[in-house]
Amino acid sequence: MTEIASEQFLDAALEAARTAFDGGAFERRLADLVARRSSSQDEDALPGLHAYLTDGLSPWLEEMGFSTEIFPNPESGAGPIMVAERIEPDAPLTVLSYAHGDTVAGLDAQWSIPSGPWRLHRDGDRWYGRGTADNKGQHAINLFALEQVLRHRSAEKDGRLGFSVKLVVETAEERGSQGLATFVAQHAERLKADVMIASDGPRASPETPTVAAGSRGSFTFDLAVRLRKGGVHSGHWGGVTTDPAVILTHALASIVDRRGCIQIDDWLPPLTPGERSGGGLAKCPVDPGDDAATVVENWGEPGLTVPEKRYAWNAFIVLAMICGRPEAPMNAVAPSARATCQIRYEPGSDPTKFMPALRKHLDDAGFENVAIEKSGITMPASATETDHPWIVRVATIMEKTLGRHVQVIPAVSGGMPGYAFTDTLRLPLVWVPHGHNGCKQHGPDEHLLIPIAREGVAAFVGLWWRLGDLDGGDTASTSAPG
């Protein structure tokens, strides 16, 4: 089959995929997945998580020629993990993909959409429902595209893709991907592949197809000031004894300035954003989300653009603070104060330096009585270099398919468990996000933009098709560690 003939078959597959999408086939599939309550944050979550795999995904995958197997999570109480395989003997390429079938809690009472979180609702160019953006809609896009390709490969390759596909679907991502890294290590031989290609997170902007080479990590810790067993009368002791809230707020203010610029050198990335991205962020678009006022140009590190701060720099965030009882204040100087803090760090940073540097910084600033507690990585960073052949290949294929620019970013801004695959399997990692920053994925009214979903289907039809046209020589140079 000549390259011209293959492209003609691809054009037919793309047209058929768009027609099927516009005719409601994808919407029906997504509605079925959203209706399956699979929140890993619910009490008694395991039956729903297991059913999502057995009743939601397995039948669909088996129709496409996959074998599926569901395993208990290595970590007690965490959701099961499915491995699906579609192996073509002697195929020159094996692609590993990833998805998570669990969602955050529904927050049913907080939705403005009358149908709530567990029923797909279309309004204009949006599909509302829990999991539409994170992550049911994203892996449904990729699988729907694969289904369309398989239907049209029969005319060219007797139904063969031209490569093998392995898929890992976990159901504990919204609980920090509990057990996933252990599972991947236990099944490393079975999960061998040439590249990992998956979808999660937001595009650089809704209008911009995006390829991400990794994801930022998340490191959390508490700062606590504990001075006495109980509160003391504010009239008798105010202005005389130490106030833990005042000490804590000044300690926090020493970590970043009033514009959020980090003041601890060992918390900063070793590379500039330009070095980290190969200059690819220079013209990266900015997604302000649903509320343009959310983006504050002069917040954070001076001299960096919003994309540079979002994708190639580190950020310090105070997640929560408490002193006394805000719901019922007492006329007392409180005995203690506490803040839960987070560092979102880009993949080149060394998180082992974070807490020693913080302890030294606090001590040098006179805050010896501020304790650091409960510190650790909640989601490790992971990345492949932005000029890696697989990053370049996927972006190039997408541009050829869609006929327009694809933005490459060094890391999506949120946390994703790519480390479980890069650290153990040593795979190059390629994320193709189908969400957007305003999708409200962890709150009420989560939604997926229909134009992004439609374009995502087309992008993956082209990607799956053209990967099947590669031969062994095309892939030999792309199996190096990420």
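How do the residues of the lining of the largest cavity divide into nonpolar, polar and charged? Keep that in mind while you get set up; the answer comes at the second stop.

**Stop 1: colour by confidence**

What you have open is a predicted model, so start by colouring it by pLDDT. The chain averages 93, and 95% of its residues reach 70 or more. Now select residues 476-482, where pLDDT stays under 50. The model has 18 contacts beyond four places in sequence for this stretch. Where pLDDT is low, the predicted coordinates should not be read in detail.

**Stop 2: the largest cavity**

The structure holds 2 cavities of 30 Å³ or more. Go to the largest one, with about 100 Å³ of space in it. To see its walls, select Phe-66, Ser-97, Tyr-98, His-139, Asn-142, Leu-143, Leu-146, Val-165, Leu-167 and Trp-464. Here is the answer to the opening question: the lining has 7 nonpolar residues, 3 polar ones and no charged ones.

Next, show the cartoon around those side chains. Strand 3 (94-100), helix 4 (136-157) and strand 6 (164-170) each supply at least two lining residues. Helix 4 gives the most, with 4 residues.

**Stop 3: the second largest cavity**

Move on to the second largest cavity, which has a volume of about 40 Å³. For its lining, select Arg-203, Pro-209, Thr-210, Met-398, Leu-402, Val-432, Pro-433, His-434, Glu-455, Gly-456 and Ala-459. This lining does include charged residues: 2 of them, alongside 6 nonpolar and 3 polar.

Which helices each supply at least two residues of this lining? They are helix 11 (389-402) and helix 13 (450-467). Helix 13 provides the largest share, 3 residues. Leave helix 13 highlighted for the next stop.

**Stop 4: the sheet of 3 strands**

Turn to an open sheet of 3 strands, ordered 4-5-19 with antiparallel pairing. Strand 4 (121-123) and strand 19 (447-449) stand at the edges; each has a single partner strand, so one side of each is left without a neighbour in the sheet. On average, neighbouring strands here are turned by 25° against each other, direction ignored.

Zoom in on strand 5 (residues 126-128) and strand 19, which run antiparallel and are joined by 3 bridges. Pick out Trp-127 and you will find Leu-448 of strand 19 standing opposite. Now bring back helix 13: this helix packs on the sheet and touches strand 4, strand 5 and strand 19. The direction of helix 13 makes about 60° with that of strand 19.

**Stop 5: the sheet of 4 strands**

Another open sheet has 4 strands in the order 12-14-10-15, again with antiparallel pairing. Its edge strands are strand 12 and strand 15 (371-379), each pairing on one side only. From one strand to the next, the twist averages 15°.

Walk across it pair by pair:

- Strand 12 (residues 315-323) and strand 14 are joined by 8 bridges. Look for Ile-322, which stands opposite Arg-338 in strand 14.
- Strand 14 (residues 336-345) and strand 10 (residues 217-226) pair over 10 bridges. Phe-219 has Ile-343 in strand 14 as its bridge partner.
- Strand 10 and strand 15 pair over 6 bridges. Here, Thr-220 is matched with Gly-376 in strand 15.

**Stop 6: three spots in the loops**

Where is Pro-206? Look in the loop between strand 7 (195-198) and strand 8 (210-212). Leaving aside residues up to four places away in sequence, Pro-206 touches Asp-287, His-436, Leu-449 and Ile-452. For a distance to draw on screen, try Pro-206 to Arg-344: they are 138 residues apart in sequence and 23 Å apart in space, C-alpha to C-alpha.

Then select Asp-134 and Asn-135, which are joined by a cis peptide bond with omega of about 5°. Asn-135 lies in the loop between strand 5 and helix 4, and you met helix 4 as a contributor to the lining of the largest cavity.

Finish at Leu-107, in the loop between strand 3 and strand 4. Check its backbone: phi is near 55°, a positive value in a residue other than glycine.

Note on methods: Residues are numbered from 1 along each chain as its sequence is written. This is a predicted model: local features need pLDDT of at least 70, side-chain atom pairs count only at pLDDT 80 or more; totals for chains, interfaces and linings use all residues. Side-chain values use heavy atoms; hydrogens and water are left out. On a 1 Å grid over the protein atoms alone, a cavity is a set of points where a 1.4 Å probe fits but cannot get out, and a pocket is an open set with protein on both sides within 12 Å along at least five of seven lines; lining residues have an atom within 4 Å of a point. Grid points are joined across faces, edges and corners, and a volume is the space filled by probe spheres set on the points. Ala, Val, Leu, Ile, Met, Phe, Trp, Tyr, Cys and Pro count as nonpolar, Asp, Glu, Lys and Arg as charged, and the others, Gly among them, as polar. Two strands pair if DSSP finds at least two bridges between them. Axes are lines fitted to C-alpha atoms, for helices over the stretch in contact, and angles run from 0 to 180 degrees between N-to-C directions. Contact means heavy atoms within 4.5 Å. pLDDT is the predictor's confidence in each residue, from 0 to 100.
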